[in-house]
Amino acid sequence: MITINDIIETNRMITENKLDVRTITMGISLRDCAHPNIEQFCRNIYDKITKSAEFLVKTGEDIESEYGIPIIHKRVSVTPIAIAAEACKTDTYVPVAEALDKAAKEVGINFIGGFSALVEKGYTNGDRILIKSIPQALASTDIVCSSVNLGSTKAGINMDCVREMGEIIKRTAELTRDREAIGCAKLVVFSNAPGDNPFMAGAFHGVSEAEKVVSVGVSGPGVVKHALEDIKSADFSEVAETIKKTAYKITRVGQLVAREASQRLGVPFGIIDLSLAPTPAVGDSVAHILEEMGLESCGAPGTTAALALLNDAVKKGGLMASSHVGGLSGAFIPVSEDAGMINAVERGSLSLEKLEAMTCVCSVGLDMIAVEGEVPAATISAIIADEAAIGMINNKTTAVRIIPVPGKKIGDSVNFGGLLGRCPIIPVKSQYSSEAFIARGGRIPAPIRSLTN
Amino acid sequence: MKLVVTIVGKDRVGIIAMVSNILAENNVNILNINQNIMEGFFNMVMIVEMTDSKIKLQELQNILKEKGNEINLDIKVQHQDIFNVMHNV
């Protein structure tokens, strides 16, 4: 039996602590859309997406209103286009991105992900075409997201692709320079990318997934922070317990939404992603949770330990609340999307280098970081290589979503709007070159821990 | 289908009567009422059953929301399951 206190607590989480379900993401396989003629292929994917996701937005809105829980985004992820479009006789996939954009707008979703390639061990012809198409594809579309997986614990790191992605990111920034280089905010480079991630910009419908699935990404950093406010002097055992209990409650709501969405859409339930996803809104920040644990400002010594505890406790609490947990599941630390992170960068307590350390224990990686437009492509590639190495060696997902904003200098900031937020330009402290390192190319071999058989 | 109706706002005469009337008119049965006044603010939680109701959940939400707005009350109607899943293992 629910009590009045339970009801008040839940509604307070929603209204005061900004508890929400970040996204219902429908994964759709496009493997049956292949066609040598790219125009026909584009028609095939447009038809399949608009038919499959026709009721996604309406269903999300119905659930939102019936249960009184905000569902912020409805999204679609598709088979990596490098695979789905590979049969097309063409040298560019830009028209495919445009077809995805058109289909996504037709069904009214917020983002569509899957303009992607999986190249951790090597390129196929489709992968090469896709990666070359990314800058133009992101410049000529609005809500298409792109990702490239270039490393894994099993396969090592494709350093040719690392080199290429530095250049692709620079080019993407250049082509969208009139919009604060927003193209780069929709492009993420992964190591160990999961095929069932419902979060953007990295969502794609993995090759081992079913025909269609519905997955849900929860949120709720504000709720965790609020819970910690009540135990100011408690030790870390109690802090971890409190986070676990809160994560359980948050995830149960996600599970309910996923079950309902799956039933109403007639599409199997995929996974719940337990990630604590912040927004730029006040009271919805992962950095503020770390500060609530006793750090004067996020980035101070102790931040990595605090984040490790948070990330682990979120998983432990959320696991029991859902029948299938997957995706990225942990605590995100996107700088521009988190009011506390933005403040920490502005007051000089959080640096790119500290963020790199934090990515060893967070759920993903260097996320939504704006740097000077003049940062060389080789340096961006080298930052990617470092992140990919952390992911490869630690058997975890890492990613880089970095925005070298043309014309911007330290002291400037960029505003992407909406959930993407705003970001002060973050200095890349080392002025030394990584050019010769990145120029080598080839593959970093898979680590010893890949040999588990 | 069981719903939870929560009403929060400045206290005045006739809030319970107003809400109960709307529920009765639409054949929504009240199962449980919990109400108190905290620092001059009216707080009420009702559990209601709308299986035999003449209207749909969203219509009921709209009617109560509009009525609530007229007299400065925040009235929410939610499916009971969101509370059940969160607070029960």
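# Notebook: a predicted two-chain model

**Chain B, overall.** I began with chain B and counted its secondary structure, which comes to three helices and four strands. The model is a predicted one, and I keep that in mind for every entry below. Reading from the N terminus on, I wrote down the order of the elements in chain B as β-α-β-β-α-β-α. I then looked up the radius of gyration of chain B, which is 13 Å and close to the 12 Å that the globule rule gives for 89 residues, so chain B is as compact as a globular protein of that length. The C-alpha atoms of chain B fill a box of roughly 35 × 35 × 20 Å when the box is taken along the principal axes. Of the 89 residues in chain B, 29% are buried. I also checked how far apart in sequence the contacting residues are: among contacts in chain B with a separation of 6 or more, 66% are between residues 24 or more positions apart.

**Chain B, the sheet.** Next I asked myself in what order the strands of the open sheet in chain B lie. I traced the four strands of this sheet as E2-E3-E1-E4, with antiparallel pairing. Strand E2 (29-38) and strand E4 (73-79) of chain B stand at the edges and have a single partner strand each, so one side of each is left without a neighbour in the sheet. On average, and with direction ignored, neighbouring strands of this sheet are turned by 15° against each other. I followed one pairing in detail, namely that of E2(B) with strand E3 (residues 41-49) of chain B, where nine bridges join two strands that run antiparallel. Within E3(B), the residue that stands opposite Asn32(B) is Ile47(B).

**Chain B, the record.** I looked up the annotation as well, and UniProt, in an unreviewed entry, lists residues 4-78 of chain B under "domain: ACT". Over residues 4-78 of chain B, I noted 33% helix and 43% strand, and the end C-alpha atoms of this stretch are 5 Å apart.

**Chain A, overall.** Turning to chain A, I counted 15 helices and 13 strands. A compact globule with 453 residues would have a radius of gyration near 22 Å, and the 21 Å of chain A agrees with this. Along its principal axes, the C-alpha trace of chain A spans about 65 × 55 × 50 Å. Buried residues account for 59% of the 453 residues of chain A. For contacts in chain A with a separation of 6 or more, I noted that 80% are between residues 24 or more positions apart.

**Chain A, a run of parallel strands.** I walked from strand to strand, starting at strand E1 (residues 21-28) of chain A, which is joined to E2(A) by seven bridges, the two strands running parallel. One facing pair here is Gly27(A) and Ser77(A), the latter in E2(A). Is strand E2 (residues 71-78) of chain A mostly covered or mostly uncovered? I found it mostly covered, with seven of its eight residues buried. E2(A) also pairs in the parallel sense with strand E3 (residues 111-118) of chain A, over three bridges, and on that side Ser77(A) stands opposite Gly113(A) in E3(A). From E3(A) I went on to E4(A), where six bridges join two strands that run parallel. Leu118(A) has Asn149(A) in E4(A) as its bridge partner. Strand E4 (residues 144-152) of chain A is mostly covered, since nine of its nine residues are buried.

**Chain A, one lysine.** I picked out Lys244(A), which has its place in helix H9 (residues 236-265) of chain A. How many C-beta neighbours does Lys244(A) have inside 10 Å? There are 18, and because a residue needs 20 or more to be buried, Lys244(A) counts as partly exposed. Leaving aside residues up to four places away in sequence, Lys244(A) touches Ala313(A), Lys316(A) and Gly317(A). I also noted that Lys244(A) and Asp312(A) are 68 residues apart in sequence, while in space they are 8.8 Å apart, C-alpha to C-alpha.

**Where the chains meet.** Last, I looked at the contacts between the chains, in which 16 residues of chain A are in contact with 17 residues of chain B. On the side of chain A that touches chain B, helix H1 (4-15), helix H3 (56-67) and H9 each supply at least two residues. I sorted the residues of this side of chain A by type, and they divide into seven nonpolar, five polar and four charged.

Definitions and conventions: Residues numbered from 1 in each chain as written. Chains lettered and ligands numbered in written order. Predicted model: local features only at pLDDT ≥ 70, side-chain atom pairs only at ≥ 80, totals over all residues. Pairing = 2+ DSSP bridges. Axes fitted to C-alpha atoms, helices over the stretch in contact; angles between N-to-C directions. Rg over C-alpha atoms; globule rule 2.2 N^0.38 Å. Buried ≥ 20, exposed ≤ 12 C-beta atoms within 10 Å, placed from the backbone. Contact = placed C-beta atoms within 7 Å. Nonpolar A, V, L, I, M, F, W, Y, C, P; charged D, E, K, R; others polar. UniProt positions renumbered as here; feature names shortened; annotations may be inferred.
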